[in-house]
Amino acid sequence: MGGRGRSRRTQRKHFRDGRENVWKDKKSDSQEADGINNNNENDSNGNNTNRPTHWQPFAVENAAFDEYYKEQGVVRPEEWDSFIGCLRKPLPAAFRINSSSQFCTDLRSQLEDEFMKALQTEGIDGNEGEGIKPLPWYPDNFAWMSSFSRMQLRKNKNLERFHEFLKQENEIGNITRQEAVSMVPPLFLDVHRDHFVLDMCAAPGSKTFQLLEMIHQASQVGELPNGMVIANDVDVQRCNLLIHQTKRMCTANLAVTNHEAQHFPGCRWKKSNNNDLGVEGMTELLFDRVLCDVPCSGDGTLRKAPDIWRKWSVGMANGVHCLQLQIAMRGLALLKVGGKMVYSTCSMNPVENEAVVSEILRKCGDSVELVDVSSELPQLLRRPGLKTWKVKDKGMWLGSHKDACRNGRSGIVASMFPSGKPYQEDETSENGENENDDVLVTEVSSLPLERCMRIVPHDQNTGAFFIAVLHKVSPLPGAVIQTKTSKHSDTDEKTKQAEDDVAEKGMDVDVDVSESEESNPTKKLKGNGETRAEKANDKRKLQIQGKWYGVDPIVLFKDDGILANIKDFYGIRESFSFDHRLITRNSDTNHVKRIYYVSESVKNVVKLNFLAGQQLKITSIGLKMFERQTSKEGNCSPCVFRISSEGLPLLLPYMTKQIASSPPLDFKHLLQYKSVKFQDIVDDRFREKLAQLSLGCCVVVLNKDEEGALDPPKVDKTTIAIGCWKGRSSISVMVTAVDCQELLERLLIRFETGKESLPTDANEDSESLTVGSS
């Protein structure tokens, strides 16, 4: 399992030899002074006999941190002790209910009626506490915080039931475990169901999931919203984490991309004949909303990542300032006029926060305004942004860019300071010389930075966060949108011409270019997962989807024979649109394993991407709708493609065949035993209906009241259905054990709240009847 070009410790001897150099912390100064030797001492069998006896917790203090933030005045002196004391305590766990989930109100009721009361009554470790409570500022009580840390949830026996609930619902996608302050930025974006949204630095994906919830929240059964989310991250491994997180949403309105955020492609297609586009006149990729949650030093997460205490230094913030500014400016360039962008960090450092926002406003002038959102979410405790701050570099405080230049600090740029004014060598006083060279004068910004918001930990027992909401009033000034330097102008012309050729001729074009950022994605192969050089001597191939290293191609599924077979087998109504909506990652239709379905908006972006030379590096797209059944029994079915669990809710309202309504008892048996023989089915009408179905994939719908008389059954938001496989003598569920367990619990709770009991079989013992409730 070794990675390409990496050294992996895969054999026993690797864990024996030189282990200290890799896994142990560096010796402390006191150990070195005392002459303590931590080298390996192996016995005759080669076993390490000098292992540490116990784990040492991280020291939650850093003198440089204290000095820096006291000087910056992030909090008043009289509340410093409360501020730093809160930072040294573990962060309480928080989670959010998926507001677009079928069971969102059931889950909220369970939290309010069961867990909130039980945990508050029991108390933990002998102390009564708040237990869990809804976050007062989050809409509709869909976000909750517990007074327990993540460690307590894992270790404390009294919390075992609640912890299992969190794990199960999180895995399914009904809730998302997420830091409370991390939920704030998407709320200020004001996302609607028809918005195109870009999440520029999306991994690990909790905010992306939240944005998707907002787009899907008002959707009716069987319909898709007009909007979409593009979630991007520069790191390939983090993209995989992002995909894993968002696939729980089961959405056709998402595309995951892998680009440097500051160079995110706009997919411009500048042909004059817009009728050839076929994408409603789209000539470039622009967004109604942009979430710009940039990489940062992360010192606002000290409570959940205590190792930052020992690693923290002022250089962490100074080193990312320019990158943050580049990403933010790229986000504004991709934002539609009239759209909103949220700039946010999980850092408390003004160099990463107010300094970046200040430079954005200076560069953009009147085309961008900083929005005052102080009246929104009134129950969220927040503080205004700073208007004055200093910069520290290598132990020296700097009040202006002049101080930096005079002291030879070339890495400190003017945009880090409140005024943003670069120092000119000829700047002198009226007397011809600078009179206050030795006096540190701190600049004060004239911009309305008080409209930014700072969330500090001790106000409401959270982490720290910085948020600014920007509104694009008019197109950016021409000088701002020039992202390329003059030395690349010739290269850009060649690249644009190559893109036009690809769009016009539909073929690969060799382009002789220099090391430009967009035309040569091979420049940063190592660590970024980018493609390899196609040719030597600086001749690069214009990258197209499928040529990216480690990324499969995007292929429109066009096999009319297979599609007709699927439509006929499941009786899919013509009102369900398949027009250019099916995507695969394999150009050979005979070996296609999965077929994905995309929304109209995603389809248009894919079309634009094809026409623009496939500039988007798409790592995941759409909703898995059909899967090839590869088992021996599957080959006996008239249709070898089964409906996936993810795609079933969208497709079910349009199905007229392969559906059977089950009474509650037989439905419960399916969830409990996963496979039931036909002779063991209790209800005669359900057994007869199954006998009429063809071999292969089918859908079993829970019969509510007398709706079993309808064929096909009526489908609405309360409908509960599972995908199954009808064999020759039995029927088997095709959902995971976790899904079955969760559905059992939902059914038990729903029947109990409806003052009915879930029907039981007299032959079942009491233990089997309580499956899912314990």
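A residue is taken as buried when its relative accessible area is under 20%. In this predicted model, glutamate 627 has a relative accessible area of 13% and is therefore classed as buried. Glutamate 627 belongs to strand E22. Apart from residues up to four places away in sequence, glutamate 627 touches Lys593, Arg594, Val640, Phe641, Arg642 and Ser644.

Strand E22 is part of an open sheet of five strands, arranged in the order E18-E19-E20-E22-E23 with antiparallel pairing. The edges of this sheet are formed by strand E18 (555–556) and strand E23 (641–643), each of which pairs on one side only. Strands of a sheet are held in register by pairing through backbone hydrogen bonds, in either a parallel or an antiparallel manner. Within the five-stranded sheet, strand E19 (residues 582–584) and strand E20 (residues 594–597) run antiparallel and are joined by two bridges. Isoleucine 583 has tyrosine 596 of E20 as its bridge partner. Helix H18 (residues 560–570) lies across E19, strand E22 (623–628) and E23, and runs at about 50° to E23.

A further set of pairings involves strand E7 (residues 254–257), both faces of which are covered. Leu254 and Val256 are buried on one side of E7, and Ala255 and Thr257 are buried on the other. Strand E6 (residues 228–232) runs parallel to E7, and four bridges join the two strands. The bridge partner of isoleucine 230 in E7 is alanine 255. Between these two strands the chain passes through helix H11 (residues 236–246), and the resulting β-α-β crossover from E6 to E7 is right-handed. Strand E7 is also joined by three bridges to strand E21 (residues 618–621), with the two strands running antiparallel. Here alanine 255 is again involved, its bridge partner in E21 being isoleucine 621. Alanine 255 is thus bridged both to isoleucine 230 and to isoleucine 621.

A buried position is also found in a helix. Serine 358 is located in helix H14 (residues 354–364). The relative accessible area of serine 358 is 0%, so this residue is buried. When its neighbours within four places in sequence are left aside, serine 358 is in contact with Trp389, Ser445, Leu447 and Leu449.

Note on methods
Residues numbered from 1 in each chain as written. Predicted model: local features only at pLDDT ≥ 70, side-chain atom pairs only at ≥ 80, totals over all residues. Heavy atoms only, no water. Pairing = 2+ DSSP bridges. Contact = heavy atoms within 4.5 Å. Axes fitted to C-alpha atoms, helices over the stretch in contact; angles between N-to-C directions. Buried < 20%, exposed > 50% of the residue type's maximum accessible area, 1.4 Å probe, protein only. Right-handed = clockwise from strand over helix to strand, strands pointing away.
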